[in-house]
Structure formats: C-alpha cells, structure tokens
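Here are my notes for a first look at this model. Please keep the structure open while you read the numbered points.

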Amino acid sequence: MTSGFEEALQEARQVDKLLLEGPDNDYLEEKFPLLGVPITVKEAFSLHGMPNTSGLVSRRNVIATSDAPVVSRLKQAGAIPLGVTNCSELCMWFESSNKVYGRTNNPYDLQRIAGGSSGGEGSVLGAACSVIGVGSDIGGSIRMPAFFNGVFGHKPTTGVVPNDGQFPIAQGVRTSLLCTGPMCRYAEDLEPMLRVMAGSGVNKLKLDEKVSLGKIKFHCMDHDGGSIFVSPVDKEILQAQKKVVEHLKGELGVQVQPVAIHKMKYSFQIWSAMMSSKDSDGQEAQLFTDLLGDHGKPVWPLWELVKWLVGMSSHTLPAIALGLTEKLVKLNPAGNAKLVSMAKSLQEEMEALLGPDGVLLYPSHPTVAPRHHSPICTPFNFAYTAIFNVLGLPVTQCPLGLSSEGLPLGIQLVAASYNDHLTLAVARYLEKAFGGWVLPGQV
C-alpha cells in the first residue's frame with residue numbers, strides 16, 4: 001500500500017510541475033482532460049501495485065503488475081488513482097461483501113447495502129471520498145451502486161469501452177453483456193470520462209452532436225409488467241419518476257409516452273438464459289464454480305454450503321447459491337432457447353421504439369437501498385438493470401434526491417445503441433432540475 005501511495009504522490013508532483021511550467025489552458029485541457037483529478041478503481045480492475053482479488057480468498061496475495069487499458073488511459077489523461085475499492089465475490093452479487101475485505105456500507109445509512117458489484121465505488125463516490133471512478137456492469141453493477149449511493153453511473157453501448165484487464169474476464173456470450181463505464185458524483189464528468197475510457201471506440205458514438213432536449217421523444221415505463229420473481233416498485237420511486245415526467249412536460253413542453261413492453265416481464269429469465277447460452281462460435285460460458293476455484297479444482301457448491309453452515313467456507317453464501325443455481329438453468333435447454341429468441345425479439349422492439357431520438361425512463365431498481373443481507377431474500381431484483389445488458393443499450397442512472405428515509409432515489413435513462421449522448425444530455429438536465437448528488441447527512 002505504501003508503494004501505491006508513493007506512486008500517487010509522484011504523479012501529483014508531476015501535475016504540479018506541469019501547472020508551474022504554465023502551458024496554455026487549451027493545451028492542458030486537450031492533452032490532459034482529467035489533469036490532477038483523483039480517481040478510484042473497482043478492485044476487479046488491474047491497477048499497478050494494488051490488490052486484484054475480486055473478493056476471492058484464493059487470490060488474496062495477487063498484486064497487479066500492470067494497469068487495465070481503461071485505467072492506463074485515465075492516468076495518461078492526468079487522473080491520479082487513489083486506490084481500489086471493494087466488490088462482491090467474483091463481481092456476481094449486488095451486495096459488495098466478501099471474505100477478503102468484508103462488507104461495504106452505504107454512506108446514507110450504514111445498515112444498508114452499497115450495492116454491487118461496484119459497491120465500493122458507489123460508496124466512496126456517494127461519501128465524497130472520490131470524484132470519479134471506474135466500474136464494470138454485467139447485470140447492473142454500475143447502475144445499482146450508483147442508484148443506492150445517490151450518484152451517476154453510465155453503462156455504455158456494448159463494445160465501446162474495452163473490458164480487458166479485469167478479473168474475472170468475460171468469455172463467450174458474456175463478452176456481449178459486460179460493460180466498463182464511468183461512475184461520478186456530477187453528471188458533467190460522465191462524458192469526458194467516457195471519451196477517455198473508450199479510446200478509439202468513442203468514434204462509434206455521437207458525443208459531439210448537440211442535443212436538443214425538446215426534440216427528444218420520451219417514453220416512460222413504471223415497472224416491468226409484474227414479474228413474479230421481482231419486488232413491486234416502491235411508491236416513492238414511482239413518485240420520483242412521475243415528477244420527472246411532469247417536469248419534462250411542463251418545462252420542455254414535450255410529450256412523454258407511457259409504454260408497456262410485455263417481454264420486460266421476463267427480464268430475469270432472459271438475462272439468466274443469455275448468461276448460460278453459447279456464443280455464435282458455439283463456445284459455452286465459463287462455469288461460476290470453475291471461477292471460484294480460480295484455475296484450480298472447481299468448487300462443489302453443495303459441499304461449500306455444508307462448510308458455510310459450520311463457518312468453514314472461504315466463500316460467501318450468495319456465491320455458493322449462484323454455483324447451485326447455474327446448474328439448474330442448464331436443465332431446460334428448450335426453455336433457454338426460447339428465452340434467447342425472446343431476447344433478440346425484445347432488442348429489435350426496443351431499438352424500433354427508441355429510434356434515433358428516443359429516451360426511455362425506467363426504474364433503476366424496485367426498492368431503495370436494502371438492509372444488509374436482505375438481497376438474499378429478493379435475489380432477482382437486479383433484473384431491472386440486467387435486461388439492458390442483454391439488449392446492449394446505453395443507460396445512465398441519474399439520482400433524483402432522497403426518500404423520506406433519507407435514502408437516494410433515481411431513474412434509468414435508456415437510448416438506442418450508440419446514442420449515449422442522449423442519455424448523458426438528459427442526465428445533465430435532470431441534475432440541474434432535481435439537484436443531483438446530495439451530501440450524506442445533509443439536513
């Protein structure tokens with residue numbers, strides 16, 4: 001940890017030297033758009049000299065010897081890494097807790113979860129310990145922590161930002177679901193971060209296009225249609241979304257079209273089927289139990305459950321449960337094939353609905369930040385974010401103030417592929433209208 005501090009200190013001194021030499025501001029802004037900005041990084045990403053365990057006990061002594069591409073790009077842009085932040089075990093649960101670092105708390109209520117798997121990032125950003133951060137998202141791991149901790153998070157269009165340099169790295173069809181993206185306290189920081197992180201991939205986007213908010217075709221969906229696997233949407237979340245709709249109508253003079261997309265009701269089943277399906281080359285997704293073994297012998301989830309019951313397992317209960325359930329998914333190949341087909345149909349339907357100028361308003365999660373451990377009772381609530389990983393669409397989570405309990409509220413802004421500029425523009429607008437990030441403990 002000392003070497004990491006010394007490295008950050010040296011980088012800060014280099015920034016000071018640049019500023020003292022006095023090159024013109026335009027040069028600095030173009031070459032170093034993030035000059036001197038402190039940044040934190042999800043521990044699953046390689047940051048030279050820092051741990052890279054992904055919450056796996058067998059990797060407790062793993063120290064990164066290089067930087068992940070997105071981290072390298074951010075450092076070259078002038079950002080100064082402060083360190084790495086906690087995640088769930090192997091980044092596959094929406095509470096950031098593991099046997100390496102323990103549990104991450106929510107800065108608005110220490111008895112609540114910070115989310116996962118980028119929960120450490122969400123927590124340090126919400127607590128004002130960092131300004132910008134790096135997260136990854138295969139089922140909502142950027143957007144759920146951003147929602148629970150009252151900050152902004154952006155899942156880019158699939159394939160724009162490289163996912164290399166993190167553990168575990170996605171294989172097979174999961175490469176089309178995993179996205180790396182920015183998390184920030186302020187909406188205006190999302191775009192410059194995205195530009196840097198995407199590298200040449202930014203050319204696929206339209207970030208230089210000026211957005212006329214009054215010309216956006218807004219659509220609104222209050223819930224998924226009533227999935228039996230997912231909790232009903234909290235009243236206060238629905239009220240916050242209604243306020244956004246009323247504001248857009250009143251201030252921008254736009255129409256917000258309510259929609260009911262039937263297939264969204266099967267979001268969890270679709271995501272689950274896609275995660276276990278073969279890719280176009282016939283390659284199967286790597287089993288979670290193999291990943292838990294970290295290139296050694298695969299973990300036997302039933303045996304791990306027995307060990308967990310007597311306090312002897314080195315794995316968390318959610319990880320063990322996932323190892324058990326992934327085997328069940330493979331027992332119904334015909335049903336999975338039908339769900340994969342439904343995913344393709346839903347993608348076509350959503351792209352047609354949104355078109356070149358559409359934005360969908362959709363809840364970020366059915367509840368505000370749950371209490372610790374309670375997600376094990378509602379394990380499928382992440383479906384509200386996960387479905388958009390399947391669809392590959394850009395999504396920005398935008399905070400909308402606090403609930404009556406003082407917990408963050410928020411909304412997802414969804415656009416068609418490569419229209420990230422639309423959701424980012426709407427997020428900046430809503431930040432001004434509803435206040436954006438709120439300091440925890442502020443009365």
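1. Start with helix α11 and the largest pocket. This is a predicted model. α11 gives seven residues to the lining of the largest pocket, the largest share. α8 (267-275), α11 and α12 (333-354) each supply at least two residues of that lining.

2. Now the pocket as a whole. The largest pocket has a volume of about 810 Å³. Its lining counts 38 residues. Nearest the centre lie Phe268, Trp271, Ser272, Leu322 and Thr325. By class, the lining holds 23 nonpolar, 12 polar and three charged residues.

3. Turn to the second largest pocket. Its volume is about 320 Å³. It is lined by 16 residues, and Ser97, Thr316, Leu317, Pro318 and His373 are the closest to its centre. Two elements, β3 (97-98) and α11, give two or more residues to this lining.

4. Which helix gives the largest share of the second lining? Again it is α11, with three residues. The classes here are eight nonpolar, five polar and three charged residues. So note α11 twice: it supplies the largest share of the lining of the largest pocket and of the second largest pocket.

5. Look at α11 itself. The helix covers residues 317-329, 13 residues in number. From first C-alpha to last it reaches 19 Å, close to the 18 Å expected at 1.5 Å a residue.

6. Which residues of α11 are buried? They are Pro318, Ala319, Ile320, Gly323 and Glu326. These buried residues pack against α9 (288-292) and α10 (301-309). Pro318 deserves a second look: it is buried in α11 and is also one of the residues closest to the centre of the second largest pocket.

7. Next, strand β13. Why is β13 (residues 395-402) described as largely enclosed by the rest of the structure? Because seven of its eight residues are buried.

8. β13 has a partner in β8 (residues 152-155). Three bridges join the two strands, and they run antiparallel. Lys155 stands opposite Val395 in β13.

9. β13 also pairs with β14 (residues 408-414). Six bridges join these strands, again in an antiparallel arrangement. Leu402 stands opposite Pro408 in β14.

10. Finish at the turn. β13 and β14 form a hairpin with five residues between them. Gly406 sits in that turn and has a positive phi of about 80°.

Technical notes: Residues numbered from 1 in each chain as written. Predicted model: local features only at pLDDT ≥ 70, side-chain atom pairs only at ≥ 80, totals over all residues. Heavy atoms only, no water. Helix = DSSP H or I, 4+ residues; strand = E, 2+ residues; numbered from the N terminus. Expected span 1.5 Å × (residues − 1). Buried < 20%, exposed > 50% of the residue type's maximum accessible area, 1.4 Å probe, protein only. Contact = heavy atoms within 4.5 Å. Pairing = 2+ DSSP bridges. 1 Å grid on protein atoms, 1.4 Å probe; cavity = no way out; pocket = protein on both sides within 12 Å on 5 of 7 lines; lining within 4 Å. Points joined across faces, edges and corners; volume = space filled by probe spheres on them. Nonpolar A, V, L, I, M, F, W, Y, C, P; charged D, E, K, R; others polar.
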